[in-house]
Structures are given as structure tokens and as C-alpha cells.
Amino acid sequence: MEEGRMPLIGDKFPEMEVQTTHGKIKLPDQFAGKWFILFSHPADFTPVCTTEFYAFQKRYPEFRELNTELIGLSVDQVFSHIKWVQWIEENLGAKIEFPVIADTGKVAHILGLIHPGAGSSTVRAVFIVDPNATIRAILYYPAELGRNFDEFLRMIKGFQVAEAQNVAIPANWPNNELIGNRVIVPPASDVEMAEKRLQEYECYDWWLCHKALQE
Ligand code: BEZ
């Protein structure tokens, strides 16, 4: 990755040591061989962020079943994170099991989590990183809109299926309006393959063929 620019999809996740609610952690080494989702929030003790932490914790077992770890981040002190996660447990009954980075602004700067002219809080950003430490997706959300955590589960499942079965994943999968939970066969790269596609698969045309998901 070029020095000084924000990471993009396809880049390796930058190496860094971070202070978290679970002690010091080295990224991405801590999650070597696993998927991980790093997500930033504007601040502790804010309403939308609290609903987000609750929602992420509820789905944590499902993420772990998918070999996926979670790690939160905001520019708050670790004491604040500790008090906030305690508040969530005492008042909402959810014990936050994933670590939360107490960033001084350094990580936010490296990852591009603070928008110039929009204060010093981190935006709602999401980095999805694969077991080889490659960044596979980056998403940004506005402060007033809480994230849809089912979508991140869908993305992890989609990445894993796409990779294991050498296919692409259609819109709204597994509830696609045209092909349901079926998956898309990669486009043909020559004339012979294009003709074969029509014989081998169900197709709308040679460049839009689909097949059943392998269970
Ligand atoms: C919230 O989490 O509720 C929030 C945080 C920053 C700005 C606006 C809302």
C-alpha cells in the first residue's frame, strides 16, 4: 500500500498495535487465519451506538460460527469503553464479548475514519478482512443511521460461498428476486465456453447463468 493513503479493498490490513478493552492487540496478526470485522462508532454512551453494540453482540455467536471475529473502535479512553460496556450489560443484559479499541486518533487516521471538517469523532465505518489479512469490503454510514448487522453476516457468508464454490453472489442473496438462493456462474471468457455455459447451466443468456448452491 502507498504510504499516506487510505487503505482500499484488496489492500492488506495495515499492521498496528492497539489498546483495547481486552489489553494490547496486534492487528491483523491477532486474527490470523480468521475473518474479522473492524467497526468504528462515533462515541461511547450515545444512543444509536448503544443499539449497534447490542445488535452486534446478539449476533456474535453466528459470526464466530463463520470463523469471524469482531473488534470495535472509537476515539475514547479505555476507561470510557469499560464503563459503557458495563452499562450495556447491567441495563440491557448483553455482555460485550469482543474487544473495543481505545484509539487516540492514530488508527482512525491510518484507516480514514475521521472526515475532515466533521469534528474529531470517528464515522460509522466497517472493514471486513479475510483470513489472509486482505481488506475485502469497506462501508461508511452516517451518524444518524444505525447499521444493519444482518447484512454483515450475509456478506461474510457470501464471501465464503463465492470463494469455496467459485461463483458470484446475486443481489439480496439468498432471497434474490430472480434466482432465489442460487448462485451465479462466472462469465465465459471465450466463445467456446460461452456456448458450453448454455448447455451446462440454467441461463438467461450465456453471460447470466446460475446454478444451485452446493450444500
Ligand atoms: C448516536 O450514536 O446516537 C450518535 C452518535 C453521534 C452522532 C449522532 C448520534
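This is a short chat about how some labels in this predicted model are earned.

Mentor: Before we start, the model is predicted, so local features need pLDDT of at least 70 and side-chain atom pairs count only at pLDDT 80 or more, while totals for chains, interfaces and linings use all residues. Residues are numbered from 1 along each chain as its sequence is written, and side-chain values use heavy atoms, with hydrogens and water left out.

Trainee: Okay! Why are the rings of F13 and F36 called edge-to-face?

Mentor: Rings of Phe, Tyr and Trp (its six-membered ring) pair if their centres lie within 6.5 Å; planes under 30 degrees apart are stacked, over 60 edge-to-face, and the rest tilted. F13 and F36 have centres 5.3 Å apart and planes at 75 degrees, so they're edge-to-face.

Trainee: And what makes F45 and W84 a tilted pair?

Mentor: Their centres are 6.5 Å apart, with 50 degrees between the planes. That angle is neither under 30 nor over 60, so "tilted" it is. The two rings also link distant parts of the chain, 39 residues apart: F45 is in the loop between β3 and α1, and W84 is in helix α2.

Trainee: Why does W84 count as buried, and what is F45?

Mentor: Buried means under 20% relative accessible area, exposed over 50%, and partly exposed in between (1.4 Å probe, protein chains only). W84 has 1%, so it's buried. F45 has 45%, so it's partly exposed.

Trainee: How do you know that β1 and β2 pair?

Mentor: Strands are DSSP runs of E, at least two residues, and helices are runs of H or I, at least four, numbered from the N terminus. Two strands pair if DSSP finds at least two bridges between them. β1 (residues 16–20) and β2 (residues 23–27) have five, in the antiparallel sense, so they pass. One partnership is Q19 with K24 in β2, and a hairpin of two residues joins the strands.

Trainee: What about β8 and β10: how many bridges join them?

Mentor: Two bridges, running antiparallel, so they just meet the rule of at least two.

Trainee: Last one: what makes C49's approach to the ligand a polar contact?

Mentor: A polar contact is a pair of N or O atoms within 3.5 Å (within protein, one must be able to donate a hydrogen and the other to accept it, and residues adjacent in sequence count only if both atoms are side-chain atoms). A backbone N or O atom of C49 lies 2.9 Å from a ligand oxygen, so the pair qualifies. An N or O atom in the side chain of R124 is 3.2 Å from a ligand oxygen, so that passes too.
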